[in-house]
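I wanted a record of what I looked up in this structure, entry by entry. The entries cover helix packing, burial and a few single residues.

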Amino acid sequence: MTTDHLAGDNPLEPEATGEREAKATADGRTATAAGAAEADRAGTAETSEAGTAETGEAGVAETNEAGAAETDEAGAARADEAAATPAGRESEGAAAIAAQAGEGSAAIAGRESEGAGAVASQGSEGSAASSMGQGSDRAEESTTASPAPAAVANPPAPTSGAAPTAAQLAAAVRAVESGERPAASFFTGPSRPAGPTTAKRPAAKPEGAPAERSRPGPEATAQRTATPPTAPPAGPVSASQSPAAPAPAPRPIPPTAAGLEGVRQILTAGGAPAALAEKTAQVLGERAAEALRADPWQLLAVPGVRPDQADGFARALLGPACGPGDERRAQALVLWLLEQAAVAGHSALEASALRAALSQRAVPDPDAALEAAITEGAVLVFQDELDTPGRPRPTAGSDEEGEEERPVQILLGLDRFAMAEESVADGLARLLNTFEAPSDFEAPSDAEAPDIDSSPAPSLTAWTTAAAAAPSPSATALIRAAATSGLVTHTGAEAARAEPAALIAAARSLGLAAYGATHTENGRRRLAAHLAEVAPGAPAEESKSLDAASVTVSGLLSGQEGPGRDADGALALDLLVVLDAPQLDLETAAMLVESLADGTRLILSGDPAVLWSAGPGRLFADLLAARFCPQVTSRTPDFDPIGELVSGIGIGELNEVEAPGKEVMIVPVHNAGEAVHRTVQLVADSVPRALGIPADHTQVITVGHGGAAGTRALNAALKERLNPGPGRFAGFDSGDRIAYTPAPGRTLPGTITGADADGLHLDCDGTALTVPREQVEAGALRHGWALTAHQAVGRRWPAAVVVLPGDAAAGLTRAWVYTAFSRGERHLSVVQGADQALPRAVTEIPAKDRTTRLRTLLRLQNPTPESLNEGN
């Protein structure tokens, strides 16, 4: 696609005169952390291939000042300027995660994320963080979590010797799991023959009960006997690898007071900001002060604390006794690296990747560190078979005796993500295996009929009749598949959303309790509109019932929307369609599946080309790849120019499209300052004047928060033009558009309607909310005229303006472009400064892989995939 084929004399192209030059960088009103310098002026986008913020797909990070991260791929808290900004900020996690997802030394880069990990506080925490060695950018964006590791071409080998081969690791795992060898021998000793084993599975939960998942109790870890620190390794250690040298004398620590005051005391003694006390107590529990005294590196478990900060804290408390080989430090780093992998979307890591990461962090004996983590149960070990072309897939009852040994990969992961994947796999298999297909068998007479309270299930004939009345062939195929299977996947773009609506309407006409759940309130309203179109002449009562059939996933699980739960704790429904299925992370999916009773029909519907979930995992992609259940692919095309453009992007083609109604416009720019200027003109003047779409119905989307054309700079310029004000309420004014993050993984766009002693009052998609003053000060809000692509996923606006500055080129992927370009319903303007990076991203950079175990777990379940194909 050229950058000027539609820009010649179109009325939307901003004029060069008569407009004020918008600011290219955020002014003081947009600085979110006290006393922090805006490093984004360097013109650097928060993106880099190796570990930087906000790349739109592959796991590149962006951070949410609001108390949760915004990931474009996927998930969690990341540092905005991890490696993209200048002058000496270290890229966290370094090269370690480099071997992940079969990419050799490619790094776990972070992701844009709405959630998947909490973030450090704003305000006083932000400026205090600087005292712990945080750079000016990190102080400015003090809500960010630790950045994802950066790639290193040749990661250092472990100091303990040559890395074991995959076959040796596999044999060692089998021996440990069978009990023939202790876990301590996993990395060091030769293995004895052992029979095949399967991965550890969690105990079964009562059916229908929602899952409750939490991190391993930090207090238990704090109470373990601290192993004396090992001496630093002999020989010089580079400054980039050593936590510090030489260590200063330990500071005198006063007797620890009780409760929160004791946490403040220990933090102050270690040189950490006392403002972290509440968050530290939340993470480490009531005995947080004692835990930190016994193991200072437990501070690394607090969101937003980086390893170099935890090292400084430990040095202040331990003095000369603090060394890089301290066992407590090594174990804290193991857990931190796995948390950062989850931030990037991985549910597990290869052992070699963790080993390399620990070496990069100056751990002298990475094998010993992993051994200790495994022995204490902080990390689980899994042996998963790799797919081999031409080899039949394994099944749960397959006999491996006499077969050639299959290649395996050794994965290490945190227990909560392992439990979530196991729970999802078991739950999906349960829905398939407990489903009873309808038939036309004649029911017994009244005298012989059992005494039951429920109405009879619809017959196969009734389902067939409903399918024949569907509005499209793809809707017919979906209804037929749902009639005969307890689990179905459905793929398609925006136009295909009418097909799940037809299924819901058909099921409700057959007397079933059928509901559709979406990722956002915006998506729920669009689903309700499709339901209304299915039955245009329905009575008012029936129309109201259909509207109530559309809910959000969060509202359904919380009980605020939908049918509620039955006496057994299961959701009281017969059929559930989950739209926006790619946005389901592992833990949310586990809660949802466990809340469905046996025999419930579950249909997962979504567009596989959009960005993945903010949290770890890739449930929808793994389910499709495993061919675990019937799959229905929509054949309904998007005929409008935006749909035509986006459809081409989905298959790796960036084509010119005819746009007679100015549906698609390309606005070329030469630098980030011009990009900000033209974006403001488009939103405030050109789009409203030419198309009649008001500014508050136009959404700006850009790659990241930082940089000269990131969300901060764009929001500052748009506020100055559209709603200027002094920022009376913690930097906000009534009428400001905002993005509110009530919890990790959720971002709610809205508008400020007022403020009082209770906090800021918002209107979020028609729902009135009040954000307490404490949350505002902690960074739960940011301005929302401009969002990242992952914040925008699941929503659509009448018009979208996508900003692609040149310094954001490294963050572009096919999935990011696909997601951003498809957010506009009637109009799309592309402020194009990325030059050839845009077509290159579409044709050459698809979604980067994530390391997960769900596909393997699903393939171990029955039935075989070949028997479940569904055509349409």
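The notes below go through helices and then single residues.

**Entry 1. The model**

I am working from a predicted model. I keep that in mind for every entry below.

**Entry 2. Helix H21**

I started with H21, which spans residues 641–650. I asked how many of the ten residues of H21 are buried. Seven of them are, so the helix is largely enclosed by the rest of the structure. I listed the buried residues of H21 as Pro 641, Ile 642, Gly 643, Leu 645, Val 646, Gly 648 and Ile 649.

Next I looked for what covers these residues. The cover includes two strands, S10 (664–668) and S19 (824–832), and two helices, H26 (814–821) and H27 (837–844).

I then checked both ends of H21. At its start, a side-chain oxygen of Asp 640 comes to within 3.1 Å of the backbone nitrogen of Ile 642. Just after the helix, Gly 652 has a positive phi of about 85°.

**Entry 3. H21 against H26**

I took H26 from the cover and looked at how H21 packs on it. The axes are 9 Å apart, and the angle between the helices is about 170°. An angle over 145 degrees counts as roughly antiparallel, and H21 and H26 are therefore roughly antiparallel to each other.

From H21, I noted Ile 642, Leu 645, Val 646, Ile 649 and Gly 650 in the contact; they meet Arg 814, Val 817, Tyr 818 and Phe 821 of H26. Sorted by class, this contact of H21 with H26 has seven nonpolar residues, one polar and one charged.

**Entry 4. Glu 825**

I stayed in this region for Glu 825, which sits in strand S19. I asked whether Glu 825 counts as buried or partly exposed. Its relative accessibility is 36%, so Glu 825 counts as partly exposed.

I looked up its contacts, leaving out residues up to four places away in sequence: Glu 825 touches Arg 526, Ile 642, Arg 796, Trp 797 and Pro 798. Ile 642 is also one of the buried residues of H21. I also took the C-alpha distance from Glu 825 to Asp 640, which is 9.5 Å across a sequence separation of 185 residues.

**Entry 5. Helix H11**

I turned to H11, residues 366–375. Seven of its ten residues are buried, so H11 too is largely enclosed by the rest of the structure. The buried residues in H11 are Pro 366, Asp 367, Ala 369, Leu 370, Ala 372, Ala 373 and Ile 374.

I asked which elements the buried residues of H11 pack against. I found helices H9 (327–343) and H10 (351–360), together with strands S2 (380–385) and S3 (408–413). After H11 comes Gly 377, with a positive phi near 80°.

**Entry 6. H14 against H15**

I looked at H14 (residues 473–484) and H15 (residues 498–509), which pack at about 50° with axes 9 Å apart. That angle makes H14 oblique to H15. The crossing of H14 past H15 is right-handed.

On the H14 side I noted Ser 474, Ala 475, Leu 478, Ile 479 and Ala 482, which meet Glu 499, Pro 500, Ala 502, Leu 503 and Ala 506 in H15. By class, the contact of H14 with H15 has eight nonpolar, one polar and one charged residues.

**Entry 7. Ser 605**

I followed Pro 500 to Ser 605, since Pro 500 is among the contacts of Ser 605. Ser 605 lies in strand S8, residues 601–606. Its relative accessible area is 6%, so Ser 605 is buried.

I checked the side chain of Ser 605 for polar partners and found a polar contact with the side chain of His 490, at 2.8 Å. Setting aside neighbours within four places in sequence, I found further contacts of Ser 605 including Val 577, Asp 580 and Phe 620.

**Entry 8. H22 against H23**

I looked at where H22 (residues 672–691) meets H23 (residues 711–722): their axes come within 10 Å and cross at roughly 45°. That makes H22 oblique to H23. H22 passes H23 in a right-handed crossing. The contact of H22 with H23 has nine nonpolar, one polar and two charged residues by class.

**Entry 9. Pro 303**

I ended with Pro 303, in the loop between helix H7 (288–294) and helix H8 (307–318). Pro 303 is buried, at 17% relative accessible area. Its C-alpha atom is 8.7 Å from that of Val 283, 20 residues apart along the chain.

Methods:
Residues are numbered from 1 along each chain as its sequence is written. This is a predicted model: local features need pLDDT of at least 70, side-chain atom pairs count only at pLDDT 80 or more; totals for chains, interfaces and linings use all residues. Side-chain values use heavy atoms; hydrogens and water are left out. Axes are lines fitted to C-alpha atoms, for helices over the stretch in contact, and angles run from 0 to 180 degrees between N-to-C directions. Helices (H or I, at least four residues) and strands (E, at least two) are DSSP runs, numbered from the N terminus. Angles under 35 degrees count as roughly parallel, over 145 as roughly antiparallel, 65 to 115 as roughly perpendicular and the rest as oblique. A crossing is left-handed if the near helix is turned anticlockwise from the far one by less than a right angle, and right-handed if clockwise. Ala, Val, Leu, Ile, Met, Phe, Trp, Tyr, Cys and Pro count as nonpolar, Asp, Glu, Lys and Arg as charged, and the others, Gly among them, as polar. Buried means under 20% relative accessible area, exposed over 50%, partly exposed in between (1.4 Å probe, protein chains only). A polar contact is a pair of N or O atoms within 3.5 Å; within protein, one must be able to donate a hydrogen and the other to accept it, and residues adjacent in sequence count only if both atoms are side-chain atoms. Contact means heavy atoms within 4.5 Å.
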